[in-house]
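Me: I have just opened this structure and would like some help reading it. Could you take my questions one at a time and show the reasoning behind each label?

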Amino acid sequence: MTMHRRGFTLIELLVVLAIVATLLTLVVPRYVDRIDLAKETVLRDNLRGVRDVIDKFYGDWGRFPESLEELVEKKYLKTLPVDPLTESELTWQIVEVPSGYKGRIFDIRSGAPGNGRNGRPYAEW
């Protein structure tokens, strides 16, 4: 009478784990890189959109907005966009209006620390 064993041997399990680990070492860095690229793309788009809205506000009112919330209150934005790098809408850095102009917000920049893939600090985008 022969016994039929069910299951895998330890060697078979180790081989499978080695294959999975090798695949993960190839895939994970690319995945993380793509996430960073996506965040930078969203940041560029958010900055472009808010800057366009600030220009439209100036064209309509003859002055720059006093706050980012004013853009939402006056229906120029539905909501304040989130800085994808800091994951907050509260970290935007305000660029003050040059002398001779009315208002407070001339431009915005990201409040994220560090540099982008292009080598420039996020605060200079």
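Reply: Happily; the answers below set computed values against the cut-offs, and the model is a predicted one.

Me: Let's begin with the long helix. How do you know that the span of H1 agrees with its 52 residues?

Reply: At 1.5 Å a residue, H1 should span 76 Å, and its end C-alpha atoms are 74 Å apart, so the two values agree. H1 does have a kink of about 25 degrees at Val27, shortly before the proline Pro29. After the helix comes Gly62, whose phi is positive, near 75 degrees.

Me: Which residues of H1 are buried, and what do they pack against?

Reply: The buried residues are Glu40, Leu43, Asn46, Leu47, Val50, Val53, Ile54 and Phe57. They pack against H2 and S2.

Me: Why is Glu40 called buried?

Reply: Buried means under 20% relative accessible area. Glu40 has 2% relative accessibility, so it counts as buried. Leaving aside neighbours within four places in sequence, Glu40 is in contact with Gly116, Arg117, Tyr122 and Trp125. The C-alpha atoms of Glu40 and Asp83 are separated by 9.6 Å, although these residues are 43 residues apart along the chain.

Me: What makes Asn46 buried too?

Reply: The same cut-off of under 20% applies. Asn46 has 15% relative accessibility and therefore counts as buried. Beyond its neighbours within four places in sequence, Asn46 is in contact with Pro81, Val82, Pro84 and Trp92.

Me: Arg117 appeared among the contacts of Glu40. Why is Arg117 called partly exposed?

Reply: Partly exposed lies between the buried limit of 20% and the exposed limit of 50%. At 47% relative accessibility, Arg117 falls in that range, so it counts as partly exposed. Arg117 lies in the segment after S2.

Me: How do you know that the side chains of Arg117 and Asp33 make a polar contact?

Reply: A polar contact needs a pair of N or O atoms within 3.5 Å, one able to donate a hydrogen and the other to accept it. The contact joining the side chains of Arg117 and Asp33 is 2.6 Å, which is within that limit. Arg117 also touches Leu37 and Glu40. Its C-alpha atom is separated by 8.6 Å from that of Asp36, a residue 81 residues apart from it along the chain.

Me: Now to the nonpolar core. Which of its residues touch the most other members?

Reply: The largest nonpolar core has 18 residues, and Ile54, Leu68, Leu71 and Ile108 touch the most other members. H1, H2 and S2 each supply at least two residues of this core. H1 gives the most, with 6 residues. In soluble globular proteins, nonpolar side chains tend to be buried together.

Me: What does Ile54 touch, beyond residues up to four places away in sequence?

Reply: Ile54 touches Phe64, Pro65, Leu71, Ile105, Phe106, Asp107 and Ile108.

Me: What makes the aromatic pair of Phe64 and Tyr101 edge-to-face?

Reply: Two limits matter here: ring centres within 6.5 Å for a pair, and planes over 60 degrees apart for edge-to-face. By this rule the count comes to 7 aromatic pairs. Phe64 and Tyr101 are 5.9 Å centre to centre with 70 degrees between the planes, and form an edge-to-face pair. The pair links distant parts of the chain, with Phe64 in the loop between H1 and H2 and Tyr101 in the loop between S1 and S2. Together with Tyr58 and Phe106, these two residues form one aromatic cluster.

Me: Are the two partners buried or partly exposed?

Reply: Phe64 has a relative accessible area of 5%, so it is buried. Tyr101 has 44% and is therefore partly exposed.

Me: One last residue: why is Ser88 called buried?

Reply: Ser88 has 16% relative accessibility, so it counts as buried, the cut-off being under 20%. Ser88 lies in the loop between H2 and S1. A polar atom of its side chain lies 3.0 Å from the backbone nitrogen of Leu90. Not counting residues up to four places away in sequence, Ser88 touches Val82 and Asp83.

Note on methods:
Residues are numbered from 1 along each chain as its sequence is written. This is a predicted model: local features need pLDDT of at least 70, side-chain atom pairs count only at pLDDT 80 or more; totals for chains, interfaces and linings use all residues. Side-chain values use heavy atoms; hydrogens and water are left out. A nonpolar core is a set of buried Ala, Val, Leu, Ile, Met, Phe, Trp, Tyr and Cys residues joined through side-chain atoms within 4.5 Å. Buried means under 20% relative accessible area, exposed over 50%, partly exposed in between (1.4 Å probe, protein chains only). Helices (H or I, at least four residues) and strands (E, at least two) are DSSP runs, numbered from the N terminus. Contact means heavy atoms within 4.5 Å. The expected span of a helix is 1.5 Å times one less than its number of residues. The bend at a residue is the angle between axes fitted to the seven residues ending there and the seven starting there. Rings of Phe, Tyr and Trp (its six-membered ring) pair if their centres lie within 6.5 Å; planes under 30 degrees apart count as stacked, over 60 as edge-to-face and the rest as tilted.
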